[in-house]
Every structure is written in structure tokens, then in C-alpha cells.
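Me: I've got a model open and I'd like to talk through how its pieces fit together. Can we go through it in questions and answers?

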Amino acid sequence: FAMIGTIFSLVYLVAFVYHVIRKIQPERIIFETSKTISVDAWKEIVENKGRIDLTLSVFKPFMILEQIMIKSVNNNDVFTFAQGLSILFYRMENYLKEIQKEFQSSEKSQKPNLNSSYLYKFFFMIFSPLLSESLTHGREQFIIQYQWHVFKQIHIFYGDKDFRSVQDFWEHLDYVGHKIFDLEMISASELFLKQLHQFMKLELETVKKTVIVLPKNSVGHIHHSNDETIDRILTDDFDSRINSLTEFGITSSAKRMKHLPNSILNILRETLEVVLTIPDGITRRSITFSVLSSFEKIHEVSIKNGMRNSIWTSYWLEHYVEKIDKRNSNDAKLVTEVLSRLSVSSVKHSDYSSILQLGVNCRRLADDYPDLVVIILDNLEKCFEIVKNEIDPEKRETWLKELIQEVESAEKWNVKKHPQITMKVQEILDKNNSLNTN
């Protein structure tokens with residue numbers, strides 16, 4: 001037994017030493033390689049327009065880092081991968097600062113041709129194989145590390161009002177998002193949504209503020225004329241965020257990540273709350289339309305896949321309406337129409353509980369928003385034909401009676417006797433006279 005114990009101990013010791021050497025060696029190489037990266041490498045990068053030229057010694061440390069990091073993906077060594085990412089993003093940030101200083105120190109008549117997009121092109125050429133390798137091997141923790149760094153960089157650009165760089169990095173990050181949703185990387189997808197939500201909140205706060213004119217000749221590839229404003233740029237860019245959320249919601253509805261559409265609808269709900277308070281009418285209506293359109297698309301796909309998400313539709317209607325300035329009655333009508341229509345869609349897929357919420361909205365809005373109540377009653381009326389086609393006779397009878405009661409309650413709560421509510425209620429009751437409970 002002593003001999004067996006000795007042999008086991010020796011084998012364990014050899015394995016441990018091998019593991020330590022295998023782990024320490026990449027970290028040491030990365031550390032040593034990082035010290036050889038030139039602080040002026042950005043000059044060669046810009047001069048070569050972002051292309052990698054291996055004949056130039058300045059590029060070699062980056063290639064060594066890339067190969068070590070690819071190997072770390074293959075060996076599932078997330079620590080080495082994270083260390084390499086930190087070095088690369090640190091260098092990129094410093095190079096951007098150097099470009100900015102060079103640009104600002106140059107005479108107006110001798111502005112150098114410094115385009116930060118060449119720097120992004122160079123680093124994306126390094127990031128691309130790392131990302132591809134991580135996706136191929138299903139290394140979710142590696143993807144999480146990567147997207148964390150990219151989101152951090154986007155926040156830095158945003159703080160510097162470099163909105164074009166934000167959009168460049170967003171397009172890259174959007175590609176990552178689509179990949180992790182397609183591959184059903186649940187943890188990475190959840191974190192992606194959380195990070196995106198935080199960034200969207202930051203964007204909306206900027207949109208709400210006073211319009212700021214962009215500098216005419218900023219560094220990088222921001223070269224806007226003085227009449228181009230931040231809110232117009234942000235509206236277009238923000239729409240791209242909404243479009244991506246829509247696609248993520250549709251993708252996850254059809255996969256095993258069925259809890260994610262609700263997370264996305266919640267992001268849209270919070271977004272809509274803020275959007276409805278934006279003073280600028282054109283900006284507010286543009287983003288409101290995008291959010292409602294996204295609501296509708298995700299709702300339709302998810303409900304077809306057996307998900308009940310009516311809580312994100314008409315349930316919040318009263319809350320939204322209260323956010324809207326009464327002078328913006330068209331906004332209130334648009335929100336009411338879309339969310340009530342989604343409730344009807346839920347009823348079509350046998351989620352009859354949406355009928356109750358439509359009735360609740362009628363009662364809560366009856367005093368101050370009679371025109372909105374009429375819109376809701378129009379949609380309640382559509383539910384009659386749907387319920388009449390219910391195969392189960394007991395369920396059909398129960399919900400038809402419930403529909404009548406919800407319609408009648410709108411008039412009972414019509415304390416101010418708004419004529420449009422009274423007329424609409426009577427019209428519906430007359431058409432469904434045989435079901436009237438009175």
C-alpha cells in the first residue's frame with residue numbers, strides 16, 4: 001500500500017506541475033508581449049489604414065497576443081483570454097487618446113488625416129478570430145468577457161459624445177448579440193439584454209435633454225455640419241437598438257429561451273414610459289412608433305408559441321396614458337389602439353383573461369379619457385365574434401357573459417356621462433341583445 005501511495009503521489013505531483021506550467025506560461029508570455037507593444041503603434045495602424053502588415057515589427061506583438069488568446073479558447077483558459085482582452089482594449093483606448101491629442105494640437109490649416117475608424121478596423125481584425133473561435137467552441141464565458149469590454153468601450157465613446165464610434169461598435173456588438181441568441185447561450189443573452197438596457201436608458205436621458213450641436217470637425221469620422229443635432233442622430237441610432245430587441249425577442253420565442261421575450265418586453269415597457277415624456281414631438285412619435293411596433297411583433301410570435309404575455313400589453317395602458325401630456329392626445333390614442341389590439345390578438349389565441357383587462361382599462365379611463373374608452377370598447381366588440389366561435393360551450397357561455405358585463409361596466413363608471421361612451425356601449429349591447437344580462 002505504501003508503494004501504491006507513493007506512485008499515486010508522484011503521478012499527482014507531475015500532473016500538478018504540468019498544470020501549473022501550462023497555466024503560468026501563457027500568462028507570462030502575454031505579460032512579456034504586452035511590454036513590447038509600442039505606444040506609437042497607432043501611427044503605423046492609421047498609416048496602413050487599419051491593415052495588418054506582418055513585415056512591420058510594430059504589428060508582431062498584436063499577432064502573438066491573438067495566437068495566445070486563440071489557444072486559450074481551445075484550452076478553455078478564460079483567465080488568459082480575459083487578460084489578453086484587457087491589454088488589447090487598454091491599448092485601443094490609449095491610441096484613441098493619442099489621436100485626439102494629435103488632432104487638437106495641430107494647426108487648423110494642417111489637420112492630419114487621422115481617422116479613428118482605421119483603428120477600429122485594425123482591432124476588429126484581431127477580435128474577429130477570437131470571437132469566431134469562442135462561438136465555434138461554445139465558450140459562453142469568453143463571449144461574456146468580450147461583450148463586457150465592448151459595452152464598456154461604448155459607454156466611454158458616449159461620454160465623449162463620439163456617437164459615430166458608438167454606432168460602429170454597436171453594429172459589431174449587434175452581430176455578437178444575434179450569434180449568442182441563435183446559439184441559445186442563455187447566460188450571455190441575459191447579460192447582453194441587461195447591458196443593452198442600461199445603455200438605452202443612458203441614450204434616452206440624452207434625447208430628453210436640450211438639443212446640443214455637434215462639433216463641426218471632431219476627431220475620427222465625425223464630420224457633421226452645424227445644423228446636424230445630437231437628438232436626430234440618436235433617434236436613428238436608438239431605432240437600431242429597438243430593431244435588434246425585436247429580432248432577439250422573435251428568435252428567443254421560437255427557442256428554449258422562452259423567458260427572454262418577457263425580459264425584452266419589460267425593457268420596451270420601461271423604454272416607452274420614458275419616451276412618452278420626451279418634449280420634442282417628432283422624436284417622441286418616431287421612437288414611440290418603433291417601440292409599439294416591436295411590442296406587436298414580439299407579442300404575435302410569442303403568443304403563437306404558447307406564451308401568455310398580456311401583462312406587457314393592456315395591463316400597463318393606464319400607466320402609459322398618465323405619462324402623456326394631455327395636449328398630445330394623438331400619442332394616447334396610438335398607444336391605446338395598439339395595446340388594445342394586442343389584447344384582442346391574445347383573445348384569438350384563447351387567452352380570454354385579456355378581456356378582463358380591457359374592461360378594467362375602460363373603467364379606469366372613463367372619467368378623463370372618453371375617446372380612449374371608445375377605442376377600447378371597439379376592441380372589446382371584436383372579442384364577441386372570437387368568443388362565439390369557442391368550441392367549448394361552457395367556456396363560450398361564460399366569456400360571452402363576461403364580455404357583456406365588461407361593456408356594461410364602462411357605462412356604469414361613466415359618472416361624467418360622456419355621450420361617446422354611452423353611445424358606444426349601447427351600440428354594442430344592441431348588437432348582442434340576446435346576451436344582455438340586464
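What follows is a short back-and-forth about packing and charge pairs in this predicted model.

Me: Which helix gives the largest share of the largest nonpolar core?
Reply: That core has 118 residues, and F62 and L377 have the most contacts inside it. The largest share of the core is 11 residues, and they come from the helix spanning residues 116-136. That helix is α5.

Me: Sticking with F62, what is it in contact with, leaving aside neighbours within four places in sequence?
Reply: F62 is one of the two residues with the most contacts inside the core. Leaving out those sequence neighbours, the contacts of F62 are I37, A41, L88, Y95, F122, F123 and I126.

Me: Are α4 and α5 roughly parallel or antiparallel?
Reply: Helix α4 covers residues 78-105, and its axis comes within 10 Å of the α5 axis. The two axes cross at roughly 170°. Angles over 145 degrees count as roughly antiparallel, so the relation of α4 to α5 is roughly antiparallel.

Me: How do the residues in the contact of α4 with α5 divide into nonpolar, polar and charged?
Reply: On the α4 side the contact includes F81, L85, L88 and F89, among others. From α5 come residues including L119, Y120, F123 and I126. Sorted by kind, the contact residues are 14 nonpolar, 2 polar and 1 charged.

Me: And α5 with α7, are those parallel or antiparallel?
Reply: Helix α7 runs over residues 163-182, and its axis is 12 Å from that of α5. The packing angle is about 10°. Angles under 35 degrees count as roughly parallel, so for α5 and α7 the verdict is roughly parallel.

Me: How many residues in the contact of α5 with α7 are charged?
Reply: α5 brings S116, Y120, F124, L131 and L135 to this contact. Among the α7 residues are D168, F169, H172 and K179. The tally is 8 nonpolar and 3 polar, and the charged ones number 2.

Me: Is S72 buried or exposed?
Reply: S72 sits in helix α3, residues 60-74. Beyond residues up to four places away in sequence, S72 touches D77, T80, F81 and F142. Buried means under 20% relative accessible area, and S72 has 3%, so S72 counts as buried.

Me: How many residues apart in sequence are the parts that D237 and R164 tie together?
Reply: D237 and R164 form a salt bridge, with the closest N and O atoms 3.8 Å apart. D237 is in helix α9 (residues 230-253) and R164 is in α7, so the pair links parts separated in sequence by 73 residues.

Me: In that pair, which residue is buried, D237 or R164?
Reply: The cut-off for buried is under 20% relative accessible area. R164 comes in at 26%, so R164 counts as partly exposed. At 5%, the buried one is D237.

Me: Where do the partners of the R341 and E296 salt bridge lie?
Reply: The closest N and O atoms of R341 and E296 are 2.9 Å apart. R341 counts as partly exposed at 32%, and E296 is also partly exposed, at 23%. The pair ties together parts 45 residues apart in sequence, with R341 in α13 (residues 329-348) and E296 in α11 (residues 281-304).

Me: Last one: which residues are linked in a network of salt bridges?
Reply: The structure holds 21 salt bridges. The linked residues are D378, E381, K424, E427 and K431.

How values were computed:
Residues are numbered from 1 along each chain as its sequence is written. This is a predicted model: local features need pLDDT of at least 70, side-chain atom pairs count only at pLDDT 80 or more; totals for chains, interfaces and linings use all residues. Side-chain values use heavy atoms; hydrogens and water are left out. A nonpolar core is a set of buried Ala, Val, Leu, Ile, Met, Phe, Trp, Tyr and Cys residues joined through side-chain atoms within 4.5 Å. Buried means under 20% relative accessible area, exposed over 50%, partly exposed in between (1.4 Å probe, protein chains only). Helices (H or I, at least four residues) and strands (E, at least two) are DSSP runs, numbered from the N terminus. Contact means heavy atoms within 4.5 Å. Axes are lines fitted to C-alpha atoms, for helices over the stretch in contact, and angles run from 0 to 180 degrees between N-to-C directions. Angles under 35 degrees count as roughly parallel, over 145 as roughly antiparallel, 65 to 115 as roughly perpendicular and the rest as oblique. Ala, Val, Leu, Ile, Met, Phe, Trp, Tyr, Cys and Pro count as nonpolar, Asp, Glu, Lys and Arg as charged, and the others, Gly among them, as polar. A salt bridge is a side-chain nitrogen of Lys or Arg within 4 Å of a carboxyl oxygen of Asp or Glu.
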